[in-house]
Amino acid sequence: MSQKKLKKIRRESNQILEKNVVQKKPGIREILKNNWKFLVVLWLAVIGIYFNSLRGGFVSDDYASITQNPQIKSVSVSLKSVGAMTTVTNSLLAIAFGTESPIPYHIFNLVLYLLVLLAAFIFIFLLTDSKLVAKVTLV
C-alpha cells in the first residue's frame with residue numbers, strides 16, 4: 001500500500017474513533033460545582049421543614065435505647081450490638097453531649113440526612129447522566 005493510502009486510512013480511522021469515543025463523565029467536584037445552587041436550596045428547604053422538630057423530645061424506642069440504657073456510654077458494648085451503626089453513633093453522642101437533651105441526636109440525624117441527599121444526587125446523576133432526573137428524584 002502506498003503512503004498516501006495509509007495516511008488516508010489512519011485519518012479516517014481517527015475520525016471514526018473521535019466520533020465514537022465515550023464522553024468522560026464529570027467528577028464529583030464538577031457535579032457539585034455545576035449544581036450547588038439547587039443543592040443549597042434543597043438543603044435549606046429540608047432544614048426549614050425539619051427545624052421545628054429539633055426541639056422535640058425523645059420518642060418511642062429512644063427511651064429504651066438512649067435515656068434508660070445504662071450501657072449507652074460504652075462504645076465497646078455498642079460495637080457488639082446488632083444495629084452497630086445506630087448504637088455506636090448514639091453512644092458517641094451520649095458521651096459528647098449526654099442523654100438529657102434530644103437536640104444533638106436530632107441535629108446529627110438531620111446532618112446525616114443532608115449528606116445522604118447529597119450522595120443520592122451524585123449517584124443518580126452519574127447513573128443517568130441527567131441533571132433533571134437527579135433533581136426530580138430528590139424532590
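Helices here are DSSP runs of H or I with at least four residues, strands are E runs of at least two, and both are numbered from the N terminus. This is a predicted model, in which local features need pLDDT of at least 70, side-chain atom pairs count only at pLDDT 80 or more, and totals for chains, interfaces and linings use all residues. Residues are numbered from 1 along each chain as its sequence is written, and side-chain values use heavy atoms, with hydrogens and water left out.

**View A. E100 and P102 share a loop between α5 and α6.** E100 is exposed, because its relative accessibility is 68%. P102 is buried, since its relative accessible area is just 13%. (Buried means under 20% relative accessible area, exposed over 50%, and partly exposed in between, with a 1.4 Å probe and protein chains only.) Now look across to other parts of the chain: the C-alpha atoms of P102 and L54 are 7.9 Å apart, with their positions 48 residues apart along the chain. For E100 and I47, 53 residues apart in the chain, the C-alpha separation is 23 Å.

**View B. A nonpolar patch on the surface takes in V40 and I47.** Its members are W36, V40, L44, I47 and F51, and together they make about 490 Å². V40 sits in helix α2, residues 28-50, and counts as partly exposed because its relative accessibility is 39%. A patch is built from residues with over 30% relative accessible area and no salt bridge; like charges are joined within 9 Å, and nonpolar side chains (Val, Leu, Ile, Met, Phe, Trp, Tyr) within 5 Å. The salt bridge in that rule is a side-chain nitrogen of Lys or Arg within 4 Å of a carboxyl oxygen of Asp or Glu. Areas come from the Shrake-Rupley method with a 1.4 Å probe, and for residues only the protein chains shown count as cover.

**View C. Here is the largest pocket, with a volume of about 220 Å³.** Its lining has 13 residues, and T86, N90, Y105, F108 and N109 lie nearest the centre. Helices α3 (62-67), α5 (84-97) and α6 (103-128) each give two or more residues to that lining. By class, the lining holds seven nonpolar, five polar and one charged residues. A pocket is an open set of points on a 1 Å grid over the protein atoms alone, where a 1.4 Å probe fits and protein lies on both sides within 12 Å along at least five of seven lines; lining residues have an atom within 4 Å of a point.

**View D. S60 and S65 are the serines to find here.** S60 is in the loop between α2 and α3, and has a positive phi of about 45 degrees although it isn't a glycine. S60 is exposed, because its relative accessible area is 62%. S65 lies in helix α3 and is partly exposed, given its relative accessible area of 26%. The C-alpha atoms of S65 and N14 are 64 Å apart, and 51 residues separate the pair along the chain.

Definitions and conventions. Grid points are joined across faces, edges and corners, and a volume is the space filled by probe spheres set on the points. Ala, Val, Leu, Ile, Met, Phe, Trp, Tyr, Cys and Pro count as nonpolar, Asp, Glu, Lys and Arg as charged, and the others, Gly among them, as polar.
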